[in-house]
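Colleague: I am new to this structure and should be grateful for guidance on how to read it. May we take its features one after another?

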Amino acid sequence: MNHYLSLILFTPLIGALVLLLVPKENQTAIRWVANVTATVGFLLSIPLWFWFNPQGGDFQFVERAAWIPSVGADYFLGVDGLSTLLILLTTLMGCIAVLSSWNAITERVKEYYIFLLILQTGMLGAFMSLDFLLFFLFWEVMLVPMYFLIGIWGSANRLYSAIKFFLYTLVGSVIMLLGILALYFYAHSVTGVYSFDVTEFQKLNVPYNLQWWIFLAFFLGFAVKVPMFPFHTWLPDAHTDAPTAGSVILAAVMLKMGTYGFLRFSLPILPDATRAFVPMMVLLSIIGIIYGALVALAQKDWKRLVAYSSVSHMGMVMLGMFALNPVGITGSIIQQLNHGISTGALFLIVGIVYERRHTRELSEYGGLSKVMPVYAAVFLIMTMSSIGLPALNGFIGELLILQGTFVANKVWALFAGAGVVLGAAYMLYLFQRTMFGKVENPKNEHLLDLSHREFATFAPLLVLAFWMGLYPAPFLRRLDTSVQHIIARVNRDYAPRNAAADCGTAPTVAVVAANTAAKFLTSVPCDANGRPLPAGTGTDIPPAPAAPGAPR
Amino acid sequence: MPAGIALSDFYYILPELVLTGGALLLLVADVLLPRRSGNALAWITLLVLGATAAALVPFVNTHVEVSHGLLAVDRFALFFKIIFLLSAGLTVLMSVRYLETEGASPGEYYFLILCATLGMMIMAGGIDLISIFIGLETMAVSFYILVGYIKPSQRSNEAAVKYFLLGAFSLGILLYGMSILYGLSGTTSLRAMATLLAGQERDPRLILAVIFIVAGVGFKIGAVPFHMWAPDVYEGAPTPITAFLSVGSKAAAFAMLLRIFLEGLPTMSADWRLLFEVLSIVTMTAGNIAALTQTNVKRMLAYSSIAHAGYILIGVVAGTARGVSATLIYLFIYLFMQLGAFTVIAVMRRRDVAGEELKDFSGLSFRNPMAAFAMLLFMLSLGGIPPTAGFFGKFWLFSAAIESGYVWLAVIGVLNSAISLYYYIRIVVFMYLKSETIGSEPTVTAPLALVLGVAMVATIVLGVYPRLLFEVAEASARTLGGVAGLAAAIR
């Protein structure tokens with residue numbers, strides 16, 4: 001299986017090429033081709049979960065071939081635990097996004113699916129590339145299809161939102177390119193070899209001054225994508241105006257590009273600068289958490305509310321990451337997956353009523369749980385997952401982030417906790433306004449509940465939400481090596497100190513995290529606040545499925 | 001310097017001879033063939049260009065000076081000659097329908113295109129001020145006529161007069177700079193000059209000469225503040241000529257620029273690098289900002305072409321082998337994307353519609369999806385978005401700048417490329433996101449389709465797998481005298 005990753009990578013592109021051959025009048029055939037491609041793409045990626053060896057070396061399924069030898073750029077693919085999980089998330093969300101568009105898209109259907117599939121290849125490529133130039137190539141490739149998805153199939157203000165998204169991201173990423181080049185030339189001056197090999201970059205000890213500038217360049221590229229305050233302003237517009245599938249992909253996968261970028265490049269390659277930038281990063285993250293949540297609380301537009309909740313949640317992700325300890329980073333990655341699942345689902349949920357009513361005004365809705373009970377149930381679960389209710393995925397991520405942050409700095413943890421509380425507030429307020437009460441708007445009286453196809457888009461997300469909430473150990477285990485690798489670079493003295501605190505044994509992150517999670521799940525009936533926090537130590541309880549009966 | 005020309009010199013200028021002979025043959029054919037045989041003439045022109053290209057083949061590995069140092073036959077010249085021949089060939093294909101629509105006679109038109117190509121080839125090979133100037137004049141005079149070729153069109157006439165007057169003026173300035181150089185060194189040979197002028201870096205007369213030559217060359221590449229002619233000329237000239245002017249003439253001017261400054265004045269590099277650095281920043285910024293507000297696509301591309309001169313100057317400022325190879329790579333890639341974009345404009349030209357305004361492009365993706373997709377590709381490439389060739393062009397220019405320590409230049413460059421996307425995307429918005437249609441359906445004839453096809457394939461292939469281009473360009477850049485020496489001087 002030398003070309004396993006290439007196979008996953010290019011399946012969507014091949015599907016897009018096949019679509020070119022289908023006459024554009026035959027919309028059913030186009031939809032089928034797109035759905036089959038996306039499903040095959042997902043099925044092909046499933047073995048990655050099983051074949052990936054969590055105990056194995058750094059990068060697996062490595063493929064390498066000369067691409068532009070005179071520059072030193074290679075076609076170099078490989079995955080570790082972090083990218084494995086993100087790739088699986090991408091293929092799954094891609095599949096769901098394609099399926100969810102069946103009825104929603106009626107114009108220019110062929111182009112729509114072609115753009116969606118090209119986008120899919122771009123995202124997968126970015127997660128797989130271990131060559132920085134190749135990564136950048138895929139990173140930029142994503143821009144154009146997304147621009148069209150928003151610009152052609154979006155709602156009212158789509159032209160403005162599309163160009164805003166495009167230019168914001170572009171400015172960030174071209175500056176990042178300069179950072180990449182600076183790194184490239186520095187690496188050459190040390191090793192004498194021109195190369196964009198990320199694994200080699202991670203072994204460099206770049207001088208602090210240069211690190212500082214490169215970090216700043218990378219920061220602009222990644223922070224726009226995450227998006228971190230104050231670079232987030234494109235996001236509410238883009239999310240609100242994008243078609244449902246576009247929002248789902250944007251929220252579930254594309255925002256992860258930014259956090260992935262930090263984890264894969266900034267932290268391990270520029271450890272000194274990373275530590276120096278912690279105060280700024282934490283401050284921006286905290287502002288993002290609180291500000292995003294407060295603005296979400298005030299929204300009258302359903303989709304915009306979910307968009308701002310993204311800003312807040314991604315702030316949590318960044319905060320956990322910049323706690324710079326294993327638990328925090330693990331939590332950050334898990335929370336990225338959670339955000340993909342829950343926010344992706346929430347956008348689908350908005351999309352379903354939007355398809356029926358063509359409005360996102362919250363005041364138009366109310367009492368939907370009576371008309372659409374299944375829909376309301378799904379929405380409830382996803383709301384709880386977003387809030388971080390125990391037994392659901394969001395809880396694990398938030399818990400680990402809070403724990404990691406608490407170890408790093410108690411004041412930060414306080415703000416993170418406040419973010420969780422606010423998150424519960426705006427989500428529950430949203431749920432209450434739309435689902436509870438009487439059906440006062442006559443237009444809502446005969447809304448159809450979820451169709452089988454629509455339910456099918458939620459089913460995998462529901463399964464994942466419970467799986468990750470009840471038994472996160474397989475996920476954590478896969479992240480272990482990646483996280484340790486990052487920590488070894490960015491926070492060298494962390495490991496020994498922690499080991500001493502843990503009675504001479506150095507339990508792996510997964511064990512610590514899983515145990516804490518399990519203990520917490522069973523012992524403390526926690527409300528959504530996530531406080532009080534347990535001390536971040538591990539005992540020798542083997543990671544076991546969490547006990548059932550967590551409060552609901 | 002011994003007098004007389006050896007027989008072997010004729011062998012080395014075989015491509016130029018073939019081209020000259022072919023051009024004369026074309027004039028004869030124009031007289032002999034019946035009227036209205038534009039297609040036949042176009043085919044003869046292509047044949048001549050093809051024969052010239054074939055005549056280049058024996059000299060792939062040659063590295064000699066011909067006619068006592070008037071011309072150099074080396075990889076550097078070869079690389080540019082390929083650019084010129086390709087752009088001339090594509091221009092001819094683009095012209096067939098255009099000339100029919102405009103009702104202009106094709107004979108002299110194709111002859112002048114060949115003449116201009118000949119001039120460019122001499123410019124690229126010239127390592128002596130005299131030969132460079134002769135090449136430049138041959139090219140410039142041909143273009144003066146070509147720009148005003150649509151006789152009934154007032155715009156075309158105005159453009160020609162403007163181009164002629166300003167061109168003559170700038171040539172005067174250039175010539176004045178060259179004469180100062182000759183006066184100071186006593187030679188017109190660039191390579192001899194480099195040794196003779198060593199150690200006189202602070203001579204104010206020499207600095208003056210550099211300034212004059214920069215100004216003269218700046219006019220030809222369309223650098224701000226010597227760009228005033230460009231928008232009007234580009235807008236008024238026949239579209240294929242605009243394309244040829246913005247690709248071929250610009251590439252030739254860059255060849256001349258690299259020859260003069262890297263071969264002849266490497267010792268003055270501190271001065272001309274500073275001048276070009278300032279020119280580069282001003283040019284790309286002013287070009288892009290002016291392009292933002294244009295509603296005529298041809299004019300917008302004129303400003304974009306100005307901005308591109310600014311980007312390409314980054315490679316010259318870097319001045320290293322990487323910088324020169326980046327310049328070559330960019331010019332080669334620019335050939336396809338710029339010519340391709342103008343071809344789409346030529347497609348839009350119908351009897352009833354000029355097809356140059358932004359609104360003419362609205363809904364093009366519904367009416368002619370292939371042309372719209374081609375334009376999308378060229379716009380993304382001009383903006384530097386992967387996986388199109390334009391990305392690698394910019395990538396290599398910026399990396400050359402960073403390697404040579406011009407980080408701020410690279411920063412300004414990337415910010416400019418972000419600005420430029422706004423107006424490139426605006427065309428895309430009209431083509432894909434608006435649906436009102438105007439005038440008759442634009443149709444693509446076979447020659448136009450061929451140009452579009454070549455340009456699209458090149459834009460994509462070079463954007464995904466640029467390996468060969470990079471290697472060839474690097475090898476070509478290294479044959480330019482002065483590159484190695486300059487690189488050493490910088491360290």
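Modeller: Certainly; please bear in mind that this is a predicted model. Let us begin with a helix, whose length can be checked against its number of residues. Helix H20 (residues 473-490) of chain A has 18 residues, which at 1.5 Å a residue should span 26 Å; the C-alpha atoms at its ends are 24 Å apart, so the two values agree.

Colleague: Where is the kink in H20(A) centred?

Modeller: The kink is centred on Asp480(A) and amounts to about 40 degrees. As for its surroundings, H20(A) is mostly covered, with 13 of its 18 residues buried.

Colleague: How many residues of strand E2 of chain A are buried?

Modeller: Strand E2 (residues 73-79) of chain A has seven of its seven residues buried, so the rest of the structure largely encloses it. The covering applies to both faces: Ala73(A), Tyr75(A), Leu77(A) and Val79(A) are buried on one side, and Asp74(A), Phe76(A) and Gly78(A) on the other.

Colleague: In which sense do E1(A) and E2(A) pair?

Modeller: Strand E1 (residues 60-68) of chain A pairs with E2(A) in the antiparallel sense, over six bridges. To follow one bridge, start at Ala65(A), whose partner in E2(A) is Tyr75(A). The hairpin of these two strands has four residues between them, and Gly72(A) takes a positive phi near 90 degrees there.

Colleague: How should I read a positive phi in a residue that is not a glycine?

Modeller: The general idea is that most residues other than glycine have a negative phi, and most peptide bonds are trans. Phe61(A), in strand E1 of chain A, is not a glycine and yet has a positive phi of about 55 degrees. His358(A) also has a positive phi, near 55 degrees, and is found in the loop between helix H14 (326-357) and helix H15 (368-371) of chain A.

Colleague: Is Phe61(A) buried or exposed, and is His358(A) buried or exposed?

Modeller: Phe61(A) has a relative accessible area of 18% and therefore counts as buried, the cut-off being under 20%. His358(A), at 58% relative accessibility, counts as exposed.

Colleague: Which residues does the cis peptide bond with omega near 0 degrees join?

Modeller: That cis bond runs from Phe229(A) to Pro230(A), and Pro230(A) lies in the loop between helix H9 (208-225) and helix H10 (234-241) of chain A. In chain B, the peptide bond from Pro386(B) to Pro387(B) is cis as well, with omega near 5 degrees. Pro387(B) is placed in the loop between H16 and helix H17 (389-403) of chain B.

Colleague: Let us turn to empty space. How much of it lies in the largest pocket?

Modeller: Rolling a probe the size of a water molecule over the atoms shows where empty space is left. Here the largest pocket holds about 1,500 Å³. Its lining has 42 residues, of which Leu20(A), Ile114(A), Phe115(A), Ile118(A) and Phe373(B) are the closest to the centre. Elements that give two or more residues to this lining include helix H1 (4-21) and helix H4 (109-128) of chain A, and helix H16 (369-383) of chain B.

Colleague: Which element gives the most to that lining, and how do the lining residues divide?

Modeller: H4(A) gives the most, with eight residues. The lining divides into 33 nonpolar, five polar and four charged residues.

Key:
Residues numbered from 1 in each chain as written. Chains lettered and ligands numbered in written order. Predicted model: local features only at pLDDT ≥ 70, side-chain atom pairs only at ≥ 80, totals over all residues. Heavy atoms only, no water. Expected span 1.5 Å × (residues − 1). Bend = angle between axes of the 7 residues up to and from the residue. Buried < 20%, exposed > 50% of the residue type's maximum accessible area, 1.4 Å probe, protein only. Pairing = 2+ DSSP bridges. 1 Å grid on protein atoms, 1.4 Å probe; cavity = no way out; pocket = protein on both sides within 12 Å on 5 of 7 lines; lining within 4 Å. Points joined across faces, edges and corners; volume = space filled by probe spheres on them. Nonpolar A, V, L, I, M, F, W, Y, C, P; charged D, E, K, R; others polar.
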